Amino acid sequence: MNSLDDTSESIIELLEDPSVEGRKYDRRGIVVGYVQSGKTANYTAVINKAFDAGFKLIIVLAGMHNDLRSQTQMRLDEEVLGYETSKDKLKDALENQMNAIGVGKLFGENFFEVFSLTTRDQKGDFTASKAKVNIQPKVQPLLLVVKKM
C-alpha cells in the first residue's frame with residue numbers, strides 16, 4: 001500500500017502548475033471513504049503540498065452543519081494553519097500572545113503563514129462581510145472551510 005506521502009504526491013502531480021500566468025483552472029476533487037478511514041489525513045496532506053507548490057486558495061466543503069464545519073476547521077487549524085482560529089485566540093494573537101498549535105509548534109521547519117477567513121467557532125463559516133476583508137491572495141495563501149449548502 002502507498003504511503004500518505006506517495007498518495008498525496010501523486011494527486012499533486014495531476015494539478016496544473018500554479019505559477020503559469022493566465023491559465024484557466026478547472027480542477028476539482030472529492031474525497032470519499034468510510035468513517036474513520038483517513039479521508040481528512042489524505043486531503044490535509046494534499047492541501048499542505050498544494051500550498052507548498054504555490055497554490056494560493058484552497059476551499060474545503062465540510063459538512064452541512066455548523067458542528068461538522070467547525071470540527072473540520074479545528075483539524076485544519078492543527079495540521080495546516082498551525083494556529084487556533086477561534087475568536088478568542090485570534091484576539092490574543094493580535095495582542096502578540098503565542099497561539100501556535102499542531103504544525104505551528106514544529107521547530108526547524110520553514111513555514112509561511114496561511115490566512116483563514118473562517119474560524120473554528122460555531123458561527124465561523126464564510127459570510128458576505130468576511131468576503132469584504134482586504135486580503136491579497138496572490139501574496140498570502142488562503143484557506144476557507146465552509147459548509148456545503
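Contact here means heavy atoms within 4.5 Å of each other. This is a predicted model, in which local features need pLDDT of at least 70, side-chain atom pairs count only at pLDDT 80 or more, and totals for chains, interfaces and linings use all residues. Residues are numbered from 1 along each chain as its sequence is written, and side-chain values use heavy atoms, leaving out hydrogens and water.

**Figure 1. The whole chain, with its five helices and three strands.** Helices (H or I, at least four residues) and strands (E, at least two) are DSSP runs, numbered from the N terminus. Reading from the N terminus, you will meet the elements in the order α-α-β-α-α-β-α-β. Of the contacts between residues at least 6 apart in sequence, 67% join residues at least 24 apart. Buried residues (under 20% relative accessible area; exposed is over 50%, partly exposed in between, with a 1.4 Å probe and protein chains only) account for 32% of the 149 residues. The chain exposes about 10,500 Å², and carbon and sulfur atoms supply 54% of that area; accessible areas come from the Shrake-Rupley method with a 1.4 Å probe, and for residues only the protein chains shown count as cover.

**Figure 2. Helix α2 packing against helix α3.** Here α2 (residues 39-53) and α3 (residues 66-81) meet at an angle of about 50°, with their axes 11 Å apart. Axes are lines fitted to C-alpha atoms, for helices over the stretch in contact, and angles run from 0 to 180 degrees between N-to-C directions. The two helices are therefore oblique to each other, since angles under 35 degrees count as roughly parallel, over 145 as roughly antiparallel, 65 to 115 as roughly perpendicular and the rest as oblique.

**Figure 3. The residues that join α2 to α3.** From α2, look for Thr-40, Ala-41, Tyr-43, Thr-44, Ile-47, Asn-48 and Phe-51; from α3, the partners are Thr-72, Arg-75, Leu-76, Glu-79 and Val-80.

**Figure 4. Leu-15, in the loop between α1 (4-12) and α2.** With a relative accessible area of 30%, Leu-15 is partly exposed. Its C-alpha atom is separated by 8.8 Å from that of Ala-50, a residue 35 places apart from Leu-15 along the chain.

**Figure 5. Leu-68, in helix α3.** Leu-68 counts as partly exposed, at 36% relative accessibility. Setting aside neighbours within four places in sequence, Leu-68 is in contact with Ala-62 and Gly-63. For a wider view, find Gln-122: Leu-68 and Gln-122 are 54 residues apart in sequence and 9.3 Å apart in space, C-alpha to C-alpha.
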